[in-house]
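Some words used for protein models rest on cut-offs, and it helps to see each value set beside its criterion. The questions below do this for one chain.

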Amino acid sequence: MGRGLKGIKVIEVGGAVAMPLVGMLMGSWGAEVIHVEPPHIGDNWRQVLGQGMGGWAKPHPINYYWEHVDRNKKSIAINLGSREGQSVLHKLIGSADVFLNNLRSYEIEKFNLSYNILSEMNSKLIFANVTGYGQKGPEKDVGGYDSVAFWARSGVMELMHDIDNAPNISRPGYGDSITSLSLLAGIMTALFVRERTGVGQEVEVSLYNTATWVLGCDMSGCLVTGEDAVRPQRKSMGNPIEMYTRPRTKGGSCLA
């Protein structure tokens, strides 16, 4: 795509992985992406690698996690809890093409950042939101990270281990990365529709709903047959070169 999104302005509020990955990709394609961070402390993703990511990674002087999700962006510190900060953010969004965020329902209302409010200021705005469990339902205000909302709650984790073994641990940002592509697809489609209609719209995805889509083959089978999804076991796979039965080296790695 090269610099195909040159001239597109994105305002980004939030952190972690799924949401900022979208901004990183749009910035790679030429968009101007402004990442909003809390004053004084900044985005917590600036510090997590140095703290060892709770066992997910080793500390390193180069924060490659930050570089992976937040490169190609400008940054600005804004206090979203103050009227002055909200006023500044509203002005930025008023001239933006995309407002990208991972705010939960109550946070959107608390900071006066609902689509209804922002679309009155900017009718061409694409409002793009990602959360753990979506903007509706009993868990709309529940926080959700990849390892729980995508990996565990959807059933992916349960289906990917032998019955007599403990569930596997997901890799960092695994479900976040897949979910970010879902949100990116929605944004790009909304920008295309806006080219035809001149009107923006709201785009929403969640980690949980994306994971259930990823399990689409299993879900379809359950709906059609009324039975649980088949769980392949290493000992019962018919193909000896199937990935589930690959022999291991002395070092513990699977042979290709």
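Q: What makes two strands a pair, and which residue of β2 is the bridge partner of valine 10?
A: Two strands are called paired if DSSP finds at least two bridges between them. In this predicted model, valine 10 has valine 33 as its bridge partner in β2, and β1 and β2, which run parallel, are joined by 5 bridges. Because the criterion asks for at least two bridges, and 5 are found here, β1 and β2 count as a pair.

Q: How do you know that β4 and β5 pair as well, and where is one of their bridges?
A: Between β4 (residues 98-101) and β5 (residues 126-131), which run parallel, there are 4 bridges, and the criterion of at least two is therefore met. One of the residues concerned is valine 98, whose bridge partner in β5 is isoleucine 126.

Q: Why is the sheet called open, and what is its order?
A: The order is β3-β2-β1-β4-β5-β6, with parallel pairing, in an open sheet of 6 strands. The edge strands are β3 (74-77) and β6 (202-206), each of which pairs on one side only. From one strand to the next, the twist averages 20°. Helix α3 (residues 83-94) packs on this sheet, where it touches β1 (9-13), β2 (32-37), β3 and β4, and its direction makes about 150° with that of β1.

Q: What makes β2 a mostly covered strand?
A: A residue counts as buried when its relative accessible area is under 20%, and 5 of the 6 residues of β2 are buried. For the chain as a whole, 42% of the 256 residues count as buried.

Q: Why is asparagine 129 called buried, and which side chain does it join in a polar contact?
A: Asparagine 129, which lies in strand β5, has a relative accessibility of 1%, and because the cut-off for buried is under 20%, it counts as buried. Its side chain is joined to that of glutamine 135 by a polar contact of 2.8 Å, a distance that falls within the 3.5 Å limit for such contacts. Leaving aside neighbours within four places in sequence, the residues in contact with asparagine 129 include Asn101, Ile108, Leu183 and Val203.

Q: Is tyrosine 174 buried, exposed or partly exposed, and what does it touch?
A: Tyrosine 174 has its place in helix α8, and its relative accessible area is 41%. Because buried requires under 20% and exposed requires over 50%, this value makes tyrosine 174 partly exposed. Not counting residues up to four places away in sequence, tyrosine 174 touches Asp146, Phe150 and Trp151. Tyrosine 174 and serine 147 are 27 residues apart in sequence, while their C-alpha atoms are 8.5 Å apart in space.

Q: How does helix α9 lie, and which of its residues are buried?
A: Helix α9 (residues 207-214) lies across β5 and β6 and runs at about 70° to β6. In α9, Leu207, Thr210, Ala211 and Thr212 are buried, and the buried residues of this helix pack against α1, β5, α6, α8, β6 and α10 (216-225).

Q: What is the volume of the largest pocket, and which residues are closest to its centre?
A: The largest pocket holds about 1,100 Å³ of space. It is lined by 46 residues, of which Gly15, Ala16, Val17, Asn102 and Tyr145 are the closest to its centre. Among the elements that each supply at least two residues of the lining are α1 (18-28), β5 and α8 (174-197).

Conventions. Residues are numbered from 1 along each chain as its sequence is written. This is a predicted model: local features need pLDDT of at least 70, side-chain atom pairs count only at pLDDT 80 or more; totals for chains, interfaces and linings use all residues. Side-chain values use heavy atoms; hydrogens and water are left out. Axes are lines fitted to C-alpha atoms, for helices over the stretch in contact, and angles run from 0 to 180 degrees between N-to-C directions. Contact means heavy atoms within 4.5 Å. Buried means under 20% relative accessible area, exposed over 50%, partly exposed in between (1.4 Å probe, protein chains only). A polar contact is a pair of N or O atoms within 3.5 Å; within protein, one must be able to donate a hydrogen and the other to accept it, and residues adjacent in sequence count only if both atoms are side-chain atoms. On a 1 Å grid over the protein atoms alone, a cavity is a set of points where a 1.4 Å probe fits but cannot get out, and a pocket is an open set with protein on both sides within 12 Å along at least five of seven lines; lining residues have an atom within 4 Å of a point. Grid points are joined across faces, edges and corners, and a volume is the space filled by probe spheres set on the points.
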